[in-house]
Amino acid sequence: MFSFKEDVHIGVVSPKLPYMWGQVSLLSEEYGFDTVVTSVRDGTHMEGSKHYTGEASDFRIWWFTDKLLRDFARELQRRLGKEWDVVIESSHLHVEYDP
């Protein structure tokens, strides 16, 4: 299942984001987990963050073990390609379009 956390503000986003959301969702299904977007254009992020330009999303990672999360992130990076950054943060998975 793919969903957005209740208070997520999507706003205007890059046309690339729906593609990425789809890839995250497909891979999550393969791993047997739900996809929950926890941030798009909302929240407080570092200066220059791609969130502010609608080119990034964060995802819930509660259900991943450390190893499974590393495997998931590595496979997601492979599928998305070099134009994307997949970053494991302490509380979420951050994915941004950064050609």
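Angles under 35 degrees count as roughly parallel, over 145 as roughly antiparallel, 65 to 115 as roughly perpendicular and the rest as oblique. We're working with a predicted model, where local features need pLDDT of at least 70, side-chain atom pairs count only at pLDDT 80 or more, and totals for chains, interfaces and linings use all residues. Residues are numbered from 1 along each chain as its sequence is written, and side-chain values use heavy atoms, leaving out hydrogens and water.

**Exercise 1.** Work out how helices H1 and H2 are oriented to each other.

*Solution.* Start with the elements: helices (H or I, at least four residues) and strands (E, at least two) are DSSP runs, numbered from the N terminus. The axes of H1 (residues 17-31) and H2 (residues 66-80) come within 10 Å and cross at roughly 140 degrees. Axes here are lines fitted to C-alpha atoms, for helices over the stretch in contact, and angles run from 0 to 180 degrees between N-to-C directions. So H1 and H2 are oblique to each other. Next, look at who touches whom (contact means heavy atoms within 4.5 Å): H1 brings residues including Tyr19, Met20 and Leu27, while H2 brings Phe72 and Leu76, among others.

**Exercise 2.** Find which strands stand at the edges of the sheet.

*Solution.* First get the order: the open sheet of five strands runs S1-S2-S3-S5-S4, with mixed pairing. Two strands pair if DSSP finds at least two bridges between them. S1 (2-4) and S4 (84-88) each have a single partner strand, so they're the edges. Inside, S2 (residues 35-39) and S3 (residues 56-59) run antiparallel, joined by two bridges, and Val37 stands opposite Phe59 in S3.
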